[in-house]
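Work through the exercises below with the sequence and the model side by side. Try each task before you read its solution.

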Amino acid sequence: MPGFGPWSMKDGVPHVQPPVALLEAVVTMRIHLDACDAENGALKVLPGTHGVGRLGAEQIQDCRNRVKETLCEMDVGDVLLMRPLLLHASGKSTSDRHRRILHLEFCGVDLPGGLEWSE
């Protein structure tokens with residue numbers, strides 16, 4: 001499919017990176033089943049980077065130098081909505097507490113060429 005790639009296989013399930021236009025239509029919902037803070041790997045984001053498209057390693061480093069990182073500390077039951085193109089990462093946990101999160105992705109766009117969303 002033009003614009004989709006690279007393709008890979010993970011646990012017998014095909015995966016692919018979709019085009020940026022499709023990723024811009026996706027909303028991710030993270031429902032926190034446990035509290036998350038700096039000690040157990042809360043999500044870190046670079047605000048505003050969801051609007052700059054897919055970036056290479058050098059562009060990501062440039063964003064990291066220019067944009068102040070935000071730590072998303074969450075309580076049990078908190079919900080975080082984000083776009084998948086937002087530059088984000090979770091730190092390594094330095095505690096023995098759980099960091100369970102229900103991660104859901106929503107997109108109202110039909111996939112082209114017979115591709116289907118995996119559920």
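The exercises go from the whole chain down to single residues.

This is a predicted model, in which local features need pLDDT of at least 70, side-chain atom pairs count only at pLDDT 80 or more, and totals for chains, interfaces and linings use all residues. Residues are numbered from 1 along each chain as its sequence is written, and side-chain values use heavy atoms, with hydrogens and water left out.

**Exercise 1. The whole chain**

Task: Find how many helices and strands the protein chain has, and give their order.

Solution. Start with the terms: helices (H or I, at least four residues) and strands (E, at least two) are DSSP runs, numbered from the N terminus. Now count: there are two helices and eight strands. Then read from the N terminus: β-β-α-β-β-α-β-β-β-β. For the extent, take the C-alpha atoms: along the principal axes they fill a box of roughly 45 × 35 × 25 Å.

**Exercise 2. Burial and contacts**

Task: State what percentage of the residues is buried, and what share of the contacts joins residues 24 or more positions apart.

Solution. Fix the cut-offs: buried means under 20% relative accessible area, exposed over 50%, and partly exposed in between (1.4 Å probe, protein chains only). Of the 119 residues, 24% count as buried. Next, contact means heavy atoms within 4.5 Å. Take the contacts with a separation of 6 or more: residues 24 or more positions apart account for 81% of them.

**Exercise 3. The largest nonpolar core**

Task: List the residues of the largest nonpolar core, and name the elements that give two or more of them.

Solution. A nonpolar core is a set of buried Ala, Val, Leu, Ile, Met, Phe, Trp, Tyr and Cys residues joined through side-chain atoms within 4.5 Å. The largest one has seven residues: Leu43, Val45, Cys72, Met74, Leu80, Met82 and Leu86. Two elements give two or more residues to this core, β4 (43–45) and β6 (79–82). Look next at the faces of β6: Leu80 and Met82 are on the covered one, Val79 and Leu81 on the uncovered one. Finish with Met74: residues up to four places away in sequence aside, Met74 touches His32, Ala35, Cys36, Val79 and Leu80.

**Exercise 4. Two strand pairs**

Task: Say in which sense β1 pairs with β2, and β3 with β6.

Solution. Two strands pair if DSSP finds at least two bridges between them. Strand β1 (residues 7–10) and strand β2 (residues 13–16) are antiparallel, with four bridges. Lys10 has Val13 in β2 as its bridge partner. β1 and β2 form a hairpin with two residues between them. Now take β3 and β6: this pair is antiparallel too, over four bridges. Here Arg30 has Leu80 in β6 as its bridge partner.

**Exercise 5. Thr28 and Ala89**

Task: Decide whether Thr28 is buried or exposed, and then classify Ala89.

Solution. Locate Thr28: it sits in strand β3 (residues 26–32). Its relative accessible area is 1%, so Thr28 is buried. Beyond four places in sequence, Thr28 touches Leu80, Leu81, Met82, Pro84, His103, Leu104 and Glu105.

Ala89 is in strand β7 (residues 88–90). Its relative accessibility is 40%, so Ala89 counts as partly exposed. Neighbours within four places aside, Ala89 is in contact with Ala42, Leu43 and Lys44. Ala89 and Arg99 are 10 residues apart in sequence, and their C-alpha atoms are 14 Å apart.

**Exercise 6. Backbone details and a loop proline**

Task: Describe the peptide bond from Gly5 to Pro6, the phi of Asp11, and the surroundings of Pro18.

Solution. First, the bond from Gly5 to Pro6 is cis, with omega near 0 degrees. Pro6 lies in the segment before β1.

Second, Asp11 is not a glycine, yet it has a positive phi of about 55 degrees. Asp11 is in the loop between β1 and β2. At 83% relative accessibility, Asp11 is exposed.

Third, Pro18 is in the loop between β2 and α1 (20–23). With a relative accessible area of 14%, Pro18 is buried. Neighbours within four places aside, Pro18 is in contact with Gly3, Phe4, Leu23 and Arg54. Pro18 and Met1 are 17 residues apart in sequence and 9.5 Å apart, C-alpha to C-alpha.
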